[in-house]
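Please work through the exercises below with the structure open beside you. Each one sets a task and then solves it step by step.

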Amino acid sequence: MPSPNSSPPPSRLRTVPVGPGPGVELREAGEAGEGGAVLVLHGGPGPGGVAPLVDHLAQDHRVLAPTHPGWDGTVRPDELDSVPALAAAYSDLLARLEVGDATVIGTSFGGWVAAQAAVDDREGRISRLVLVDAVGPEVPGQQVTVPGGPPAPGPEAPAGGPEGGGAESGGSEAGGPEGGGAPVGGMAGAMAAMWAYAGPGMGDPDLLPRLAAVTCPVLMIWGSDDTVVTPEFGRAYAAGFPHARFELIPGVGHAPVREAPEALFALLDPFLAFLAHSDSDSGSGAL
C-alpha cells in the first residue's frame, strides 16, 4: 500500500489507434507487478475526476486511464455513438496492449462502460470489475437523476456533440468536475458526448439481465447520499451479477474519489490484494 506522503508516479501520455477515428488518448502510470494492470474509466467530469485514483493505484499497478473520445477536446467519431461501441474500443485497447488479466474500474458513466465491457468480454481479458456509483442498467422503480438533463438539439460542438446540457453530477459533483479539470463552461462538449453515448434515458433496459454472464468478482462501492443513482439502485445493480459485493460509504455522495478517497481506497485495496493473492495461489478469482 502506498505511503500517504508518496508522490504520484510518473505517467506517460500517448494516442493508441483503436476503434474508429484517430484513436484513444491514454495516460499510463505505474509498472506491471503483482497488482497487475488496471483500466480506469472516468465519468462525466473527465480524466481529472479519477486522477487521485489513478495516482493511488499506480503505486502498485500498471494503470491505463483513457480519455473517452469527446472529452477534453478530443474527437468523438460518428461511429462511436453508443456505450457498447465505446466498450468495444476499450476491449480493443486491452488486446492491442496485450493485457489479458485486467481489473476494470469505472466511476459513474465510466462504470456503465466497464460493465458493458465485462458483459461483452469473450476473450476473458477482464478478471475483476469495480463499479463506483455507476449508471448503466434500467432498474424498475429507480431512475438516474442528472441535473440539467440532456442538451437541447443544436450545432455540433468541437468535441463531437451539440452544445449545452448539464453535468453528470449530483450533490458534490454538481457544477464542476471531480478533482479538477475544465470549468463547467468547458464541459459542454464532453456532456454532449456523454449523451451521444448514453442516450436521453441514461440507461440500457437490456443490461441488467445480461449481467448474469459476468463471472468475474465484482466490487460495487456506493456513496450513501448519492442522489444521481441511489444506494437502492446500486443494490439492484449488484444483485444482477453472480459474484458481487456491495459496499456503502456513509455520508458520501456521487463522487467518492473526490469526497472520500481514503474510504474508497480502504475498500478497494484489500479487494485487489486478496484477488491477486488468490490468483497466484490457485488461479481462482472467486470472492
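**Exercise 1. Taking stock of the fold**

How many helices and how many strands are there in the protein?

Solution. The model to be inspected is a predicted one. Going through its secondary structure from the N terminus, one arrives at eight helices and ten strands. The next step is burial: of the 287 residues of the protein, 55% count as buried. The last step concerns contacts with a separation of 6 or more, of which 75% are made by residues 24 or more positions apart.

**Exercise 2. Laying out the sheet**

Determine the order of the strands in the open sheet of eight strands, and state which strands stand at its edges.

Solution. Reading across the sheet gives the order β1-β2-β4-β3-β5-β6-β9-β10, and the pairing is mixed. At the edges stand β1 (11-16) and β10 (244-249), each of which has a single partner strand, so one side of each lacks a neighbour in the sheet. From one strand to the next, the twist averages 20 degrees.

As a closer look at one pair, take strand β3 (residues 37-41) and strand β5 (residues 102-107), which run parallel and are joined by five bridges. Within this pair, L41 has G106 in β5 as its bridge partner.

Two helices can now be placed against the sheet. Helix α2 packs on it and touches β1, β2 (24-29), β3, β4 (62-67), β5 and β6 (126-132), while the direction of α2 makes about 155 degrees with that of β3. Helix α3 also packs on the sheet, where it touches β3, β5 and β6, and the direction of α3 makes about 155 degrees with that of β6.

**Exercise 3. Describing a helix pair**

Describe how helix α2 and helix α3 pack, beginning with the angle and the axes and ending with the residues that meet.

Solution. Two packed helices are described by the angle between their axes and by the distance between those axes. Here α2 (residues 83-96) and α3 (residues 109-119) pack at an angle of about 70 degrees, and their axes lie 8 Å apart. Because angles of 65 to 115 degrees count as roughly perpendicular, α2 is roughly perpendicular to α3. The crossing in which α2 passes α3 is right-handed.

On the α2 side, the residues in contact are V83, P84, L86, A87, Y90 and S91, and they meet F109, W112, V113, Q116 and A117 of α3. Sorted by character, the residues of this contact comprise nine nonpolar, two polar and no charged.

**Exercise 4. Following burial from a helix to one residue**

Establish whether Q116 of helix α3 is buried or exposed, and list what Q116 touches.

Solution. Start with the whole helix: eleven of the eleven residues of α3 are buried, so α3 is largely enclosed by the rest of the structure. Among these buried residues are W112, V113 and Q116. Q116 itself has a relative accessibility of 2%, and since buried means under 20%, Q116 counts as buried. Leaving aside residues up to four places away in sequence, Q116 touches V83, P84, A87, D204, L207 and R210.

**Exercise 5. A further enclosed helix**

What covers the buried residues of helix α4?

Solution. In α4 (residues 188-198), ten of the eleven residues are buried, so this helix is largely enclosed by the rest of the structure. The buried residues include M191, M194, W195 and Y197, and their cover includes α2, α3 and β8 (203-204). Just after α4 comes G199, which takes a positive phi of about 80 degrees.

How values were computed
Residues numbered from 1 in each chain as written. Predicted model: local features only at pLDDT ≥ 70, side-chain atom pairs only at ≥ 80, totals over all residues. Heavy atoms only, no water. Axes fitted to C-alpha atoms, helices over the stretch in contact; angles between N-to-C directions. Helix = DSSP H or I, 4+ residues; strand = E, 2+ residues; numbered from the N terminus. Parallel < 35°, antiparallel > 145°, perpendicular 65-115°, else oblique. Left-handed = near helix turned anticlockwise from the far one by under 90°. Contact = heavy atoms within 4.5 Å. Nonpolar A, V, L, I, M, F, W, Y, C, P; charged D, E, K, R; others polar. Pairing = 2+ DSSP bridges. Buried < 20%, exposed > 50% of the residue type's maximum accessible area, 1.4 Å probe, protein only.
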